[in-house]
Structure formats: C-alpha cells, structure tokens
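Here is my note for a colleague new to this structure. Please read the points with the model open beside you.

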Amino acid sequence: MNTKTPLAGVLATPAPPAARAVPSRRRWWVLGVASVAQFLAILDLFAVNIAFPALRESFGGASLADVSWVLNAYTIVLAALLVPAGRVADDAGRRRVFLAGMALFAVASVACAAAPTLGLLVAARVVQAVAGALLIPTSLGLALPAFPRREHPTVMGIWTAVAASGAGCGPVLGGVLLLAGWRWIFLINLPVAAAALVMGRRILAPDTPDTAEANGGGTAVKRRPLDLQGAALLLASAGTLTALLTQGPGWGYPSIPTFFCGALLTVLLPLLAARLLRAHDPIIDPRLFRNRTFAVAVTGVWLYYLAFAAGLLSTTLYFTEVRHWSAVEAALALAPVPLACMVLSPLSGRVVARIGGRASAVLGGLTLAVGAAWWAVGIDGGYAPGYLPGAVLFGASTALLQPPLFGASTALPGDRISLGSAVLMTTRQIASALGVAVLTFVLGDRPVLADYRFGWYLMAGAGVAAAVACLRFRRD
C-alpha cells in the first residue's frame with residue numbers, strides 16, 4: 001500500500017511515471033495506437049449528423065426528433081460514463097480496458113450497421129458510447145506516461161491533430177459514404193478497430209500499476225473499490241444535464257421535459273456533492289482540484305468549448321440556412337478549421353517549449369476570440385475574406401490551447417492520469433452541449449444575420465474569459 005496519506009498523494013503532484021523505459025520507436029507506436037481510439041470516437045460523433053435525412057427515409061419517415069437520438073444517445077452516454085471509465089482504467093489496467101473498449105466498439109459498430117429498426121440503432125449507439133467512454137481517457141493514460149514530460153506538448157499536439165482529423169473527416173466522410181448507404185458510416189470503423197486491436201496486443205506493454213511507479217515502488221498496489229453510489233449519482237447527474245442541454249432546444253423552454261430535468265438536477269447535484277465530500281474514496285476526489293494546474297485546465301477547457309462547439313454549429317447553420325448551401329457544401333466549407341488544427345498541432349511542442357504552456361493556452365483563447373469576432377464583423381463579405389481567416393484562427397486556437405490543458409492530467413499522481421483525462425473530457429462534452437444550447441436560444445426559430453453576429457460576439461467573450469483563466473496556468 002502507499003505509505004503516503006491520500007491527501008499528500010493528491011497534492012504533492014509528483015512527476016508522472018513519464019519514463020517507463022519505453023524504447024523511442026515503440027513509444028511512438030503506442031501513441032499511434034492510442035490515438036486511434038480518439039479518432040474513432042470523435043469520427044462517429046460527427047459523421048452521423050449528415051446522415052439524418054437518409055435515416056429518416058430508411059426508417060419509414062421517422063421524425064427529426066426521433067432520429068436525433070442516434071446522435072444524442074451517443075453524446076449523453078459518452079459524457080456520463082467518461083469519468084467512471086477513467087477511474088476503472090486507472091484501477092483495472094489501461095491496456096486491458098483499452099483492448100476491451102476497442103473490441104466492444106467494433107461489435108457495436110456492426111450492430112449499428114445491421115440495425116433493422118431505429119430503436120435498435122439507438123440501443124447500439126448506446127453500447128458504442130460505452131465503448132467510446134472506455135477508449136478516450138484510456139488513450140491519454142496509455143500515451144502520456146510512455147513519454148518523458150518534455151515531450152508531452154508534442155504528444156498532445158499529435159493527439160489533438162488526430163482528434164481534429166476525426167472531427168473534420170466526420171461530415172465529409174459521412175457524406176461520401178452516404179453514396180453507398182448510411183450503414184457504411186458504421187462499417188468503416190471495422191478495419192480501423194481491427195488494426196488497433198492487433199497492434200495494441202503487440203505494442204502495448206502488459207499492465208503495470210502506475211500507482212506503484214508513482215510511489216517509487218515496483219510491486220502491485222491494492223486495487224481501490226469503485227464508489228458505486230458516487231458513480232451512480234455522477235452518471236445520473238451528467239446524463240440528465242447533457243440531456244437537458246442537447247434536447248432542451250427541441251423540447252422548448254419551458255416544457256414538461258425541461259422542467260422535469262431541471263427539477264431532477266436540483267436533487268441530484270447536491271446529493272452528488274455530498275457524496276464526493278464524504279465518501280472515503282469518491283469517484284472524483286475533490287482534492288484533485290486543489291492542484292492549481294489541473295483546476296485551471298478544467299476552467300480553461302470549460303470556457304473554451306462553450307465557444308468552440310457553438311462556433312462550429314453556428315457557421316454550419318449560417319451556410320445552410322442563410323446561404324442555402326447543401327450539407328456536403330457546408331461540411332467542405334468547414335474543413336479549414338480541422339485542417340488548420342491538423343497542420344499546426346504537431347508543431348505545438350515547439351511552441352510550448354519556446355513560449356511555455358501558460359502563454360500557449362492564453363494565446364489559444366485569444367486566437368479563438370479574434371476568429372469569432374472576425375466572423376461577426378465580416379462574414380457577409382464573402383467566404384474567402386469573411387469566413388476563411390476566422391476558420392483558420394479557430395483551428396489554430398485548438399492547436400495552441402488543447403495540448404497544454406489536456407496534458408495537465410499528468411500533473412496529478414500517476415494512478416489518476418486516466419481519471420484526470422476523463423474529467424477534462426467530460427468538461428469538454430458538457431461545455432460543448434451548453435454552448436450549443438445557448439447558441440440555439442440566441443438564434444431562435446428564424447435567425448437573421450444580426451442574431452449570428454450576436455452569437456459570435458458572445459463566443460469572442462468566452463474566448464477572452466478562457467485566456468484570462470489560463471493566466472493562472474502553471475506547468476512545472
């Protein structure tokens with residue numbers, strides 16, 4: 001057992017088990033295999049959007065509200081399960097959880113492609129989200145400890161670029177696959193998942209508890225029991241909040257479902273807070289947030305993704321509703337955002353080494369703010385002068401801000417890295433849903449250009465707030 005007190009273990013922020021003596025060539029393969037998980041989970045989050053019309057037709061003219069659950073079920077379950085899955089990965093072994101999650105993702109993808117009814121498709125998407133929740137925090141938990149800390153910005157840059165490629169490829173790849181049928185959107189996952197399973201079994205080292213390494217020992221550490229009551233409250237709270245944010249605009253304000261979800265949250269959130277404060281080993285130890293690096297990272301991610309997710313949706317709606325472009329044309333028009341991120345993210349390690357993580361994160365928030373303001377001022381001037389510079393700035397902001405902030409999970413003890421990653425990613429999911437909900441409220445039923453401009457100015461304000469929050473970021 002760890003001889004340190006739990007409080008000391010959380011607050012001392014020892015150096016992570018950065019060097020597992022992973023050979024140079026092998027650790028890059030570890031990063032490649034781990035990044036596949038992020039790619040698949042993000043790809044399936046974005047690729048389905050463009051298939052809504054085809055799904056409605058395939059399932060007998062189903063309503064848009066019914067078909068939207070193909071997306072929302074995935075979003076809600078993923079957000080609700082990320083933290084418990086991160087805790088399980090830290091305790092049960094990241095390699096084991098990663099391989100199980102990848103196998104489950106492949107099976108769920110087959111079930112999605114074969115679904116004969118809309119209800120079964122939604123059920124398969126729930127299983128797919130469970131698999132995604134196992135994969136996403138585990139991928140960083142596998143990759144980061146395999147590299148020395150000085151290389152973490154580069155690792156995060158590549159990981160960010162892979163995520164951006166998944167987001168960027170999603171709508172475009174989904175549109176192309178629709179030519180063969182919507183079921184191919186899910187079948188395309190199979191060769192990627194199969195390759196990741198084969199390589200994962202060969203490349204990923206057998207599980208060695210990082211808790212032992214973090215504490216300077218070489219023996220296994222007694223596994224901590226999962227706080228089932230806390231996990232249940234967290235699942236219910238995160239699921240209800242995400243449902244309220246994603247479905248609220250469709251339900252209407254006020255309405256019986258939104259009132260019910262709001263009332264349920266007023267009960268669940270105090271119960272969750274009390275459990276986290278009183279449990280001996282809670283699902284999320286509140287003392288994690290006494291680590292300033294981690295707490296600032298959570299705040300910065302929250303403020304940033306309020307604006308980023310809303311920005312992507314707002315421009316999509318602008319091109320389709322105001323400019324009356326097709327869905328594929330709008331998806332291609334958005335491509336400069338992920339392309340800029342993909343090109344610039346691998347360079348983020350050099351940027352952080354030159355100016356530091358705090359300056360990079362602050363610059364990322366300011367860059368997003370300038371990009372949103374650019375759209376507000378000049379988007380009616382045409383695509384190239386009015387939209388394109390802002391899109392490049394949006395992509396660049398991700399390359400600047402995400403690597404230092406998501407890399408902050410390694411400021412925690414070694415046995416909390418996957419959990420810290422999961423907290424940051426849950427923050428990203430819920431902030432994105434909230435940003436979309438606020439944007440939907442601002443735009444209303446029949447938005448005009450002035451409504452879009454107001455929304456972009458709000459996003460610029462959130463970007464500035466993220467930059468201000470990141471002024472307190474410190475990565476030793």
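1. **Ground rules.** Helices (H or I, at least four residues) and strands (E, at least two) are DSSP runs, numbered from the N terminus. This is a predicted model: local features need pLDDT of at least 70, side-chain atom pairs count only at pLDDT 80 or more, and totals for chains, interfaces and linings use all residues. Residues are numbered from 1 along each chain as its sequence is written, and side-chain values use heavy atoms, with hydrogens and water left out.

2. **Overall make-up.** How many helices and strands does the chain have? The secondary structure comes to 21 helices and zero strands. Of the 476 residues, 57% count as buried. Buried means under 20% relative accessible area, exposed means over 50%, and partly exposed lies in between (1.4 Å probe, protein chains only).

3. **Contacts and surface.** Contact means heavy atoms within 4.5 Å. Take the contacts between residues at least 6 apart in sequence: 83% of them join residues at least 24 apart. The chain exposes about 19,300 Å². Carbon and sulfur atoms supply 69% of that area. Accessible areas come from the Shrake-Rupley method with a 1.4 Å probe; for residues, only the protein chains shown count as cover.

4. **Phenylalanine 454.** This residue sits in helix α21 (residues 449-470). Is phenylalanine 454 buried or exposed? Neither: its relative accessible area is 47%, so it is partly exposed. Leucine 439 is 15 residues away in sequence, and the two C-alpha atoms are 9.6 Å apart in space.

5. **A buried salt bridge.** A salt bridge is a side-chain nitrogen of Lys or Arg within 4 Å of a carboxyl oxygen of Asp or Glu. The count by this rule is two salt bridges. One joins glutamate 151 to arginine 27, with the closest N and O atoms 3.1 Å apart. The pair links distant parts of the chain, 124 residues apart. Glutamate 151 is in the loop between α7 (118-143) and α8 (152-177), while arginine 27 is in helix α2 (residues 24-47). Both residues are buried.

6. **A partly exposed salt bridge.** Aspartate 380 and arginine 453 also meet through their side chains in a salt bridge, at 3.1 Å from N to O. Here too, distant parts of the chain are linked, with the partners 73 residues apart. Aspartate 380 lies in the loop between α18 (357-378) and α19 (383-406), and arginine 453 lies in helix α21. Aspartate 380 is partly exposed because its relative accessibility is 47%. Arginine 453 is partly exposed as well, at 23%.

7. **Helix α13.** Does the span of helix α13 (residues 256-278) agree or disagree with its 23 residues? At 1.5 Å a residue, the expected span is 33 Å (1.5 Å times one less than the number of residues). The end C-alpha atoms are 33 Å apart, so the two agree. Buried residues in α13 include Thr258, Cys261, Leu265 and Leu268. Among what covers the buried residues of α13 is α12 (228-251).

8. **Cysteines.** The structure holds zero disulfides (a disulfide is a pair of cysteine sulfur atoms within 2.5 Å). Cysteine 112 counts as buried, at 0% relative accessibility. Cysteine 261 is also buried, at 9%.

9. **Alanine 34.** Look in helix α2 for alanine 34. With 0% relative accessibility, alanine 34 counts as buried. Leaving aside neighbours within four places in sequence, alanine 34 is in contact with Phe98, Ser139 and Ala143. Glycine 200 is 166 residues from alanine 34 along the chain, yet their C-alpha atoms are separated by 8.2 Å.

10. **Threonine 427.** Helix α20 (residues 417-443) holds threonine 427. Its relative accessible area is 11%, so threonine 427 is buried. Which residues does threonine 427 touch, not counting those up to four places away in sequence? They are Val298, Val301 and Trp302.

11. **Histidine 324.** This residue is in the loop between α14 (292-322) and α15 (327-334). Its phi is near 60°, a positive value in a residue other than glycine. Most residues other than glycine have a negative phi. Histidine 324 counts as exposed, at 64% relative accessibility.
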